[in-house]
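Visitor: Please put the model on screen. I will ask what earns each label. Set the values against the definitions.

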Amino acid sequence: MLSFLLCLTPTLQDAVAPPAEIVPRSWLVIDAVDGRGRRPFRPDAVFQRHLLERSAPPPTAGEELEGERGRRAWRGFEAGADGTVRASGWAWTRVEAPADGVWMAELSGASTLFVDGAGFVGDVYRYGHRGVPVPLRAEGSSIFVTGIRGAFRLRLWRPEHRLVFAGWNVRLPDLVAGEPVAGEASVGVMNASLERVPLVYAVAGGTGPFARKRSLVTWGLEPLHLARVPLTLAPRPEVAPPAAPGKVPLYVSLGGHPAEDPHVHWLDLEVRAPHEARRRTYRSRVDGAVVEYSVLPPAGDGPADGLILSLHGAGVASRGQAASYAPKQGWWLAAPTNRAPFGFDWQDWGRIDAQEVMERMIREHGLDRRRVVVTGHSMGGHGTWSLAVNDPDAFAALAPSAGWCSFDTYGGRPDGRLRELWHGADGGSDTLGLLSNLRGKPIYILHGDADDNVPVSEARRMAAALDELGIDYQIHFEAGAGHWWTDDRYPGAECMDWPPIFALFADARLPELPDELDFLAADPGLDSRHFWLVLEQPLRYGRKLHVRAVFDRERQRVEVETDNVRRLRIDRPHRRAVLDGQELTPAGPAPAASWYVRGGDGSWRPVGGGLDAAEKGPHRSGPFKRAFDRDFVLVYATGGGPAENRESLERARYDAAVWFYRAFGNARLAADRELLDPDHPEDFRGRNLILYGNADTNLAWREVLPAGCPIEVERGRIRLGGEEWRGEDLAAVFVQPRRDDPYALVGAFAATGPAGARLGYTLAPFVSGVGYPDYAVFSAQVLAAGDGGVLAAGWWDRRWGRPPAGAGEGLQSPVR
């Protein structure tokens, strides 16, 4: 008999009467049956038995399952007084609510819970988030918990308002003493009801130094959905800005339409002294969310044209990162967030965040692009290596501290029969494989020789790899120091603010126009430009591109050697070009930009114009995860049957919640009908779209995917070229160009039926180190066999079609 504890506690809102709280006490738990790890498809015997079909029976004590790690059995577990459950795999319980309704599920220490089959996000990193809305039934709801980090606690509490103000999840800039109020903030809001809220509004300011500003979410919120509402901070002309450090309250009123009375909240904004580290915000191109970063102004009043980009370790806040340094004369310091304290290991969207902050700092402060350096600690040390090897002409020098090399050396990634394909889709993770890009660049490696978090072997590995390539560097191992170390010798934290690092940075400067280039690119969509050379297309996707070039100034001649390059651009006037031994004359009289293309016979030829926007290129390409960019929209289906539509909405809503949590982001959730409505108040033009369902269920499917799309997904059937698979438990992920836009992409979580749609819960699109190529077709067999359940996977050719076998452009999986 499963039981739960019912008690009364206050909620985040100013409640008149405390709402009910449910803390489940009696559970069934099972140790990990299968491994997880950073892989796109993984076995999961528990999901296969109990969650693939919504009608599947719950577990029973003693019931056994078999997976990668052998046989395991469900067993009873009674939680302690605080409700903590110690488990390593999965846990299950049944909760009977006093009445049907929506509750807030506050799950800490685990990533995911399923309530009556629907997936919801948990607070796996224990940020202190207060939950997400879930529906509970009086007759009892089946609850599974997974993604557990040693132990978890589930608390269910009843919200007082239909719109829940997520005060635990806000983005706030700091104010600066003596300076006018400026910037943007954002607040989280959740629809704790089973009905759509057509309009959400927030009013900020009107008191103190803040002018009154109103923000509208005119498209509303779907049932149980969550979003972030941006707030503009503007000064009240009649009120002087804060004169001294401290805190200033910001009035926020939140409401909805219809029948949602506004409720009031107060947020404290910190006021920092002009010389102190302070938080700023910006709007990200990825999802339009307000994103935090922190800056440390330069020391003194002299000119400052250099930028130190400092990357934090796991769990570290950006302002804490910036405050770990003493101000530097001649340098601004910026600390991005990686989108969140744990974020994406400074890869994927963490890398984009660092790049957006870098560009913003250069633009706003007029900094010298040739004096940008990168450093970081722990995960930020890895980020230092990763950013520098992937974009070497962006950084004049680098200094990783306590950094790890890659996912394959630190923690590891599981092997599988398609490992090469998945890793090719995540080529930016191959730090060692791109290390030659650092040749000639000042490097300082810092590590404590007693580090018990990131072993010193990671630094030694990187040093050995640099030695093998003949790349110079400086290195220091602090005797007896652990992962974090500091003392009173210097004003900052020594493990980051290490004086020899900044002595190295002092004279670092990128060359303005180097005559010799040697560049490896993971793929053109990640980084295509190296000074005056642009790699636009590879011969084979999923493999690195390599180019060596020498420019002869006297003869105005460029000589280039390439590997896996089909198309390139030379942004430097020249009279002659020698490409792989073939001498050519550019099209036109020494133009500023010249294009060259390799033909099917292997020979090069000059062309007179740029890349056809309809083809793959740096402006638009796979792999699949690249679709989550350009203010992307998650588009769920409404054109199917009730079960199909339900799964589509729940899957899209789950992905939006994962993005909300992992990226501190804002994923717009839209019905297919909204995209097709010419009178809709929102502009969807130019944005990437993520489709859920198939051509029979999602009304936008055929409207936004290109005619002749090489993959067809319908109810009960997937066709790819001459191959066809049938069944209700099939799924695919793929990316294609958006039909009505030359730059936007369409990604798809496609499924042939409800079971296929539910497989999406086991994917990992928002996990760094996990790569999906342009397309992958799979069945429910992945839950038993991992890669063995993948039916086909690979890359589209440059024209977004599936290349025939042996054509070379799209590396196909060996499955088909």
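Visitor: How many residues of each class are in the lining of the largest cavity?

Guide: Twelve are nonpolar, eight polar and three charged. Nonpolar covers Ala, Val, Leu, Ile, Met, Phe, Trp, Tyr, Cys and Pro; charged covers Asp, Glu, Lys and Arg; the others, Gly among them, are polar. This is a predicted model: local features need pLDDT of at least 70, side-chain atom pairs count only at pLDDT 80 or more, and totals for chains, interfaces and linings use all residues. Numbering runs from 1 along each chain as its sequence is written, and side-chain values use heavy atoms, without hydrogens or water.

Visitor: What makes a space a cavity, and how many of 30 Å³ or more are there?

Guide: On a 1 Å grid over the protein atoms alone, a cavity is a set of points where a 1.4 Å probe fits but cannot get out. Five cavities of 30 Å³ or more meet that test. The largest holds about 190 Å³ of space, a volume being the space filled by probe spheres set on points joined across faces, edges and corners.

Visitor: Which residues line the largest cavity?

Guide: There are 23, with G693, F749, A750, A751 and A757 nearest its centre. Lining residues have an atom within 4 Å of a point. Two or more residues each come from α8 (642-662), β41 (689-693), β45 (730-737), β46 (745-751) and α11 (754-758). Helix α8 gives the most, with four. Helices (H or I, at least four residues) and strands (E, at least two) are DSSP runs, numbered from the N terminus.

Visitor: What lines the second largest cavity?

Guide: This cavity holds about 150 Å³. Its lining has 20 residues, with D523, P524, Y541, S621 and G622 nearest the centre. Seven are nonpolar, seven polar and six charged.

Visitor: What makes a pocket a pocket, and what volume has the second largest?

Guide: A pocket is an open set with protein on both sides within 12 Å along at least five of seven lines. The second largest has a volume of about 1200 Å³. Of its 45 lining residues, R285, Q355, G525, L526 and D527 lie nearest the centre. Helix α3 (residues 349-365) gives the most, with seven. The lining divides into 16 nonpolar, eleven polar and 18 charged residues.

Visitor: How do you know that α4 is largely enclosed?

Guide: Buried means under 20% relative accessible area, exposed over 50%, partly exposed in between (1.4 Å probe, protein chains only). Twelve of the twelve residues of α4 are buried, so the rest of the structure largely encloses this helix. Those residues pack against β23, α3, β25 (372-377), β26 (397-401), β27 (444-448) and α6 (457-469).

Visitor: Why is V316 called partly exposed?

Guide: Its relative accessible area is 30%, so V316 falls between the two cut-offs. V316 sits in the loop between β23 (306-311) and α2 (318-322). Leaving out residues up to four places away in sequence, V316 touches Q321 and P341, where contact means heavy atoms within 4.5 Å.

Visitor: How many helices and strands does the protein have, and why is it called as compact as a globular protein of its length?

Guide: It has twelve helices and 48 strands. Its radius of gyration is 27 Å, close to the 28 Å from the globule rule for 816 residues, so the label holds. The radius is taken over C-alpha atoms, and the rule is 2.2 Å times the number of residues to the power 0.38. Buried residues make up 62% of the 816.
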